[in-house]
Amino acid sequence: FFGSIFSFFVDVQKEERIKVLLLTTSFFFLIGAYTVVKELKDSIFASVVGADYQPKAKMIVIFFLIPAIFFYSKLVDILKRHNLLYFYSVLYSLIGFAFVYFMAHPTIGLANTVASPDRYFGWLFYFFIESYPPFMVGVFWAFANSVTSPVSVRRNYTIMISGSKLGGMLSAMGALWILNAKAKAGCGMFSCVVNHQILIGCSSAALLIVAFLVYLLIKLVPQKNLHGYEAGHIAEEELDKPENKESAFMGMISGFLLLIKNPYVLGIFSIGFFYELINQVFSYERLVIGQKITATASEFSSYLFEQIFLVHAIGFIISLLGTRAIISFLGERRSLLVVPVLIGFTLLYFIFYPSEGILYVFVLSRSLNYALTQPLRESLYIPTIRDVQFKSKSWIDGFGTKFAKTCGATFNNFVKNMSHSAHSFANSTLFLSTAILWILSSYWLGKRFERAISTNEVIGKDEILGEKN
């Protein structure tokens, strides 16, 4: 096992080992932090506000994210890429510590056990955690994509994903240990409030470690090894010339414009949308089941962490033993088809065995997404300009993901009162049509990616220069 990890790391080019080690360690702490707060988000919201309001929260969060994405787009034009990661790591850490403080408030926090939609603490915490994907995980990936060459993706991203899955596993195990339902009448090692304060506090501290590790990376790695896609680096130098600079307003909306105008960027959006749509259908069902079979916030959180531990454990095994082999054997284009095809088969299992299949589909789909789809989807950003890597990506990870979840939540509300046969037919129709579109989109994206790399094309450059002319 450890020999496999060592051989993978040794296979990395010597001049890139420090960079890969620091990126992997940073991702270890980032995903460890996110794993904790992501699962606490649902249990805290259900305990403070009520699980019935979760679909509404998923719709409202879109409007919360739009101004945040515009602000982020402005920062992209002002700050260097590593400074963006510093800024959001420290910001999210400080906000996390603020939530730790208010968690113990007798009226605002978890000490108040009466769930109500008027308790704004639960809404704010939910919106805060929902913004993690575009402004923490997304910014990290954008930075990693900007300093990684297409040749290095298969080696480097396999190690990074394995490190992140290990971080997710350990943080989930630690959370389960603290939330041990056998102690103190179902509230875990400490009180229910203190349990959650410890977990959110550790998550916030981990983000400060991420900022420090990125600082070390910038200091220790030579600048020539931080160019990533060389054709992209050359294109950015041209786009940064004064005559090609965007106005302040165009800089803020350029990411959105590239998303709707460029088929390649829209394709990246589509494969994320299809996954999140299917995932949301199952995620809501497991929350409903979890709230029925648990009595306290700590028990509910433990129920969620048990599942997410399996997700990271299976994802770790796939990323360590399978991801690199699959990509090396099939190539990026065919590898992009593996996940939608496999998830399609698991969806068929759920259609015929819905009661026992729901958790299998949830765990397997998330594991495959983290271990295989995510590194492939992120590698698609490498032959693109900075506006796509950072600005369009924030729209895809933020607005696009939440839009998919909203569509999934709307579907759940639509079918929940149907008869069993009508419900099964609606699910089958959604799953089949989504899987087919996902496969077609993945195939086209893979072809387009391989063509761009083979011709040293920088996707998105022509749109920016065309607007200037």
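**A tour from G174 to K393**

Begin by selecting G174, which is partly exposed, with a relative accessible area of 26%; this value falls in the interval between buried, under 20%, and exposed, over 50%. The model on display is predicted. Extend the selection along the chain to residues 153–178, and helix α7, in which G174 is found, is highlighted. Next, add V36 and draw a C-alpha to C-alpha distance from G174: the two residues are 9.3 Å apart in space, although 138 residues apart in sequence.

Proceed to the nonpolar interior. Select Y88, Y132 and F305, the residues with the most contacts inside the largest nonpolar core, a set of 122 residues. Colour residues 17–48 as well; this segment is helix α2, which gives the most to this core, with 13 residues.

Centre the view on Y132 and display its surroundings. Setting aside residues up to four places away in sequence, Y132 touches Y34, V37, Y92, V137, G138, S203 and L207. Then select A46, F300, Y303 and L304, which are included in a second, separate core of 5 residues.

Finally, move to K393, located in helix α14, residues 386–415. Is this lysine buried or exposed? K393 has a relative accessible area of 2% and is therefore buried, the cut-off being under 20%. Which residues does K393 touch, not counting those up to four places away in sequence? They are G138, W141, A142, E378, Y381 and V388. Keep G138 selected as a link between two stops of the tour: G138 is touched by K393 and also by Y132.

Note on methods: Residues numbered from 1 in each chain as written. Predicted model: local features only at pLDDT ≥ 70, side-chain atom pairs only at ≥ 80, totals over all residues. Heavy atoms only, no water. Core = buried A, V, L, I, M, F, W, Y, C linked by side-chain atoms within 4.5 Å. Buried < 20%, exposed > 50% of the residue type's maximum accessible area, 1.4 Å probe, protein only. Helix = DSSP H or I, 4+ residues; strand = E, 2+ residues; numbered from the N terminus. Contact = heavy atoms within 4.5 Å.
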